[in-house]
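Subject: Structure handover

Hello,

Here is the structure I said I would pass on. My notes on it come after the model.

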Amino acid sequence: MTVRGKRIAFGLFAFAVPTLGAFLRPLAWLNAGGRYRLSWFFGDWLGLLAIVLFALGCNWALRHAVERWLRPERWPARIGLGATRAAVLLLLPGTFAMAVLQLFPGRVPPWTTPAAYRLPFEEVAIDADGLRLVGWYIPGADESAPAVVIAHGLGGSRADGLAGALVAHRIGFASLLLDHPGHAESDGFGTTFGLREARGLKAAHDWLRARSPGRPVHAIGYSMGGSAVLHAAAEYGIFERIVVDSTFGRLERVAREARLFVFGPASPVAWALLRFWASLISGDDLSNVVPEEDAAKLNRPLLIIHGTADHTVPVSEAGQLRMHAGGMAQLFLVPGAGHLETIGHPDYSRLVGDFLLGVEAQQ
């Protein structure tokens, strides 16, 4: 192939792959009957394009360094340089791709609505730091009833919190379910694993209090949503009773155990690179995502729920949260349950409902 032909092939590959990938997301939205903004498409496309160009650029630079500068002649040197090149390509583009894909999860439309469960609800939009966050408000027994803010996990939507909303409705509480910034139908791009998401939860708390001053406001957080809830509670002193389900205690620890193990002995280097790319892209240091430290600052009831077969967030993370939270924390482990499969336990609704009602304080 001529040099011109190689350049054309390079350009087609670099632009076709992210374009095809970016089109998959709006197609999913259209199939679900939702609306997909053009700005979301370009955001997805730019992220995927950056991954492809970075990987191709690293490969080109390393190949030219080996062929033009080092020029290995003996086969042991060629094998050694080839292995080094493969390791560098795995670490640099690999951690960059991981950072982009985790920081900018795909927008998943709500897969159902409260109406499917015969729950009355209102469509609401709340302003948080200039971003419009979309959600559902499900009223309680009356306007003065306690309320529960429900936070979904990474890459999810407000529909993922309906299990908690059903519990709240059963005991007469109101609930507010919001899409995090950069998720589903809310404004914004990207995630910070609970740091900035906490501001949206603060706005949700204030909206509920403005609607009915003096009402108690509790919170339920699923996976990353639990990280956001704990950070909001520690940062702003909000929420009276907190439930976290399948939530990690320290992002670095769970990332190295459940994600970066593929890098083997180089996992500490991979984490350092992941932190660097994330800081460069979002401006936030991932090492600051430490829900267990937020839990240690709380002086209020906390219920920690986790499945023993969770391979996304190891069950040991629940133990870390419990240890740091102190005497006001309870731990409920669901045998054999995977990530966020705990809601299927027959005692789940009763346990969460009793906790929100404060029944455990009488035992």
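The notes below cover empty space, one surface patch and two backbone angles.

Please keep in mind that this is a predicted model.

Pocket

The largest pocket has a volume of about 620 Å³. Its lining is made up of 33 residues, and those nearest the centre are Leu154, Ser223, Met224, Thr312 and His339. Four elements give two or more residues to this lining: α3 (75–103), α4 (162–170), α7 (251–258) and α8 (267–282). By residue class, the lining of the largest pocket holds 25 nonpolar, six polar and two charged residues.

Cavities

Rolling a probe the size of a water molecule over the atoms shows where empty space is left. In this structure there are five cavities of 30 Å³ or more. The largest cavity contains about 90 Å³ of space. It is lined by 12 residues, with Asp44, Pro105, Arg107, Gly182 and Phe189 nearest its centre. Helix α2 (residues 38–70) provides the largest share of that lining, namely three residues. The lining of the largest cavity divides into six nonpolar, four polar and two charged residues.

Surface patch

Trp111, Tyr117 and Leu166 make a nonpolar surface patch of about 310 Å². Tyr117 is found in the loop between α3 and β1 (122–128). Is Tyr117 buried or exposed? It falls in between: its relative accessibility is 36%, so Tyr117 counts as partly exposed. A residue needs over 30% relative accessible area to be part of a patch, and Tyr117, at 36%, is partly exposed.

Backbone

Most residues other than glycine have a negative phi. Two residues that you may want to look at are Ala184 and Leu340.

- Ala184 is not a glycine, yet its phi is positive, at about 45°. It sits in the loop between β4 (174–178) and α5 (197–211). Its relative accessibility is 0%, and Ala184 therefore counts as buried.
- Leu340, also a residue other than glycine, has a positive phi near 60°. Its place is in the loop between β8 (329–334) and α11 (348–357). With a relative accessible area of 33%, Leu340 is partly exposed.

Both positive phi values are thus in loops, with Ala184 between β4 and α5 and Leu340 between β8 and α11. Ala184 is buried, whereas Leu340 is partly exposed.

Regards

How values were computed
Residues numbered from 1 in each chain as written. Predicted model: local features only at pLDDT ≥ 70, side-chain atom pairs only at ≥ 80, totals over all residues. Heavy atoms only, no water. 1 Å grid on protein atoms, 1.4 Å probe; cavity = no way out; pocket = protein on both sides within 12 Å on 5 of 7 lines; lining within 4 Å. Points joined across faces, edges and corners; volume = space filled by probe spheres on them. Nonpolar A, V, L, I, M, F, W, Y, C, P; charged D, E, K, R; others polar. Patch = residues over 30% accessible without salt bridge, like charges linked within 9 Å, V, L, I, M, F, W, Y side chains within 5 Å. Areas by Shrake-Rupley, 256 points an atom, 1.4 Å probe, with all protein chains shown as cover. Salt bridge = Lys/Arg side-chain N within 4 Å of Asp/Glu carboxyl O. Buried < 20%, exposed > 50% of the residue type's maximum accessible area, 1.4 Å probe, protein only.
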